[in-house]
Amino acid sequence: MATLKDVIGYFRPYWKFSVFSIAASSVYEVIDLVVPYAIGQILNVLSNQPLDKPVTGLITYFANLTNSPVDKPLTLGILLGMIFVVTVVRAPTQPWLTIWFHWDIALRARRDQSENAISKILTLPLEYYDENNPGRIAGRVARGISNHTWTYPEIAGQMIPKLVRVLGIFVFILFVEWRIAVLYLISFVVILGYTLKDLRRLIWHEERLDKYMEDTESRTSEIISNIKTVKAFATEPEELKRQKTRLNREFRVVDDRIHKGYVVLSTAQRTMIQFCVFVVFGMTLAATVGGQISLGHFLMVYTLASMAYAELEPISNLAEVFARRISSMLRFHEFLQEPSSVDSNGILEAPTSNTPYSFTGKVELCGLSFGYEENRRVLHDINLLIKPYETVALVGRSGSGKSTLVKLLLRYFEPNEGKILIDGEDIRSLDVSKYRRRLAIVHQEVDVFNGTVLDNLRYGRPEVTFEQVEEASRIARLDEVIKVLPNGYYTVVGERGVRLSGGQRQRLGIARALLVEPDVLIFDEATSSLDYESERAIQLAMRSLQGTRTTIVIAHRLSTVREADKIVVLDQGKIIEVGSHEELLRHGGIYHRLHALQETGELLT
Ligand SMILES: Nc1ncnc2c1ncn2[C@@H]1O[C@H](COP(=O)(O)OP(=O)(O)OP(=O)(O)O)[C@@H](O)[C@H]1O
C-alpha cells in the first residue's frame, strides 16, 4: 500500500532546494503584509494619531543617521520606502527564487520518476503483463506522473506559503487586538477542519473513480489491439454499449458524488468565510469606536483579516485539487512497489562486454517440476539431455507444457523442483542478462519495433556489420523479402511504416535471432501461422542451421520437426516419448497418432 510518505518521497532528492524555495515563497507572502501595515501607519500620521513603537524606533534611528528632525515628511518617506521595498524591489527576485525552483524541482522529479517507471516496466515479471494490459499500465503511469508534476508547484509554491501568510496575519493582528486574533484563529481552524473532513470523503470517491477510469482505459486499449476481432465478429455495438455503461458509471461518481460534493463544500466555506469577515469587521469597528485601537489599526486589521479570509478559498481549492489527484499518485507508487521479477537483479545494468558467456549448448533438464500456481503443477519431473549442436523438437498436445519448458530455460520463472544446467552449470548461478544473451528465441508473433528493417535486425546486437546482416538475411530467406521492399533494408516498418506479413516477420525474427549468434536457438511455434510457401522457406532456413548450434523447436506441425535429431513428446506436463521421427513412428505411441492425424486426417485410437 502506498502512502502520503511515498508521494513526498517522490521529491526527496531535491529536498534542500525544496526547503529553500518554500521558505523563500513563504517570506515573500509574509513581507507582503507590510503594505497594509504601512498604509495603516500612514493613516495614523495623516490623522495625527500615535504610531506603533517599532515604527517610531525606526524613524528615530533614520533621523539620527541622517541628522534630520523627526517630522511628517521623514515619517511618510520611510513608510513609503518600506512599501517600495516590499513591492517594487521584490518583484524581479520573486519569480527566480520561487517559481523557477518549484517547477525545476517538479520537472527534475518527473524525469527521475519516468525513468523509475520505465525501469519497473522492464523488470516486472511476465505474469504482470498477463494480468494488466498496456492501456491500464500506461494510463496509471501517465496520470501518476503528470499529477505529481502539477501538484508540486501548487503545494510548495502556493499552499504552504499561503498557510504561512495566514499565520503571519494572525501574529500581526495579535499585536494589535488579541480578541480579534483569537476569533480569527478559531474560525480558521473550524473552516479548515470542516474542509479537510469533507475532503476525506471526496478522496474515497476519487479513488473509486480512478479505478473505474483504469477499467475503461484498459478495455479501450483492448478494443484497439483486438480491433480486427471486434470487426470480424461485428461486436461494435456491444463494445460501445459496454464502454457507455462504464462511462456512465464514471459520470455518476464524478458528477453526483465528486462534483456536487465540491460545490456543497464550496457553498459552506463561502458562507462561513463571509460570516467571519463580517464579525471581524463588527468587532474591529467596536474596538475603534471604544478607543482600544487607532483608525490606522482599524484599517490594517480589517484589511489583513479580509486578506486572510480571501486566502482560505484558494487554500481549500488547492486542497481539493490535491484530493482529486492523490489517488492516482498513490496508484502510481503502488505500481512502482510491484515486486520485480526474481531474476531482475542487475538486469538494467549495461553488460560487461569483456566477459560474455560462451556455451557449447549442452542443456540438461534435471528432475524439473513447475507450476504457475502453488498447487497446480504443469511440468512433472522432466529429465532431458540436449547435446551440443543437437536439434531437439518439443511436440505434444496444446497445454502439454512445451512453452513453459522454454520459459524456464529462459529463466522467466524458477522451477519448483529440479534444475537446468547449461554446460554443466546451474543457470540460476549465472548472470541472467549474460546468460540470456547466449540464447535467442523466435516467437510465433515476431515483435517489430518502429524503425527500419535494418534497425530491427540489429536490435539484439547493434554492432553487427552490414555483411553479417546480409548473411543472416540470406540464411533466414529474408533477402527475398528485402528485394521487394521499397527501400530495402532502409524501409521503415512497424508503427508508421510498411506492414510486414506474418511470414515476412517470421523471417525477420529468425535473421534477428541469428545475428546475436546464440549458443541455443529456440523456435516457439515459429511456423504454425504460416502459409505453405512461407513455412517451407522457414523450414529450409531451419535446416541450414541444423548442426551449427543447439536448436530447440516447438511445433504443432510435425512436418517442421521431422528432421530433428531428437523429438520429445510431452503430455500433461510429462515426457512420454523421446526418439527420432522414424523411431517414434515405429513406437506407435502418441507421436504416431498425431502424425497419422496430420498426414491423413485419420484419428487413430
Ligand atoms: N501465465 C500462466 N499462468 C498460469 N497458467 C499458465 C500460464 N501459462 C500457461 N499456463 C498453463 O500451463 C499449462 C501449459 O501451458 P503451455 O503454454 O506451456 O503449453 P503448450 O504445450 O506450450 O501449449 P500450446 O501448444 O497450446 O502453446 C497450460 O495448462 C496453461 O493453461
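How many helices and strands does the secondary structure of the protein come to? The count is 21 helices and 12 strands, in what is a predicted model. The views below start with the whole chain and then move in.

**View 1. The whole protein, a spread-out chain of 605 residues.** With a radius of gyration of 37 Å, the protein sits well over the 25 Å that the globule rule gives for 605 residues, so it is more spread out than a compact globule. Taken along the principal axes, the box filled by the C-alpha atoms is roughly 120 × 55 × 50 Å. Buried residues come to 33% of the 605. Take the contacts with a separation of 6 or more: 78% of them link residues 24 or more positions apart.

**View 2. Domain 1 and domain 2.** The domain assignment puts residues 4-336 in domain 1 and residues 363-600 in domain 2. Between the C-alpha centres of these two domains there are 58 Å.

**View 3. An open sheet of 6 strands.** Go across the sheet and you meet β6, β9, β10, β3, β11 and β12, in that order, with mixed pairing. Why do β6 and β12 each have one side without a neighbour in the sheet? β6 (439-442) and β12 (574-579) stand at the edges and have a single partner strand each, so one side of each is left free of a neighbour. From one strand to the next, the twist averages 20°.

**View 4. Strands β3 and β10, side by side.** Here's a closer look at one pair from that sheet. Strands of a sheet pair through backbone hydrogen bonds, and they can do so parallel or antiparallel. β3 (residues 391-396) and β10 (residues 550-554) go for the parallel sense, over 4 bridges. One spot to look for is Leu-394, whose bridge partner in β10 is Ile-554.

**View 5. Helix α13 lying across the sheet strands.** This helix covers residues 402-409 and lies across β3, β9 (520-524), β10 and β11 (566-571). Relative to β10, α13 runs at about 145°.

**View 6. Leu-330 in helix α12.** Find helix α12 at residues 295-336, and Leu-330 is part of it. Is Leu-330 buried or exposed? Leu-330 counts as buried because 20 other C-beta atoms lie within 10 Å. Leaving aside residues up to four places away in sequence, Leu-330 touches Ala-2 and Val-7. Arg-140 is 190 residues from Leu-330 in sequence, yet the two are 9.9 Å apart in space, C-alpha to C-alpha.

Methods:
Residues numbered from 1 in each chain as written. Predicted model: local features only at pLDDT ≥ 70, side-chain atom pairs only at ≥ 80, totals over all residues. Domains from an automatic or database assignment. Pairing = 2+ DSSP bridges. Helix = DSSP H or I, 4+ residues; strand = E, 2+ residues; numbered from the N terminus. Axes fitted to C-alpha atoms, helices over the stretch in contact; angles between N-to-C directions. Contact = placed C-beta atoms within 7 Å. Buried ≥ 20, exposed ≤ 12 C-beta atoms within 10 Å, placed from the backbone. Rg over C-alpha atoms; globule rule 2.2 N^0.38 Å.
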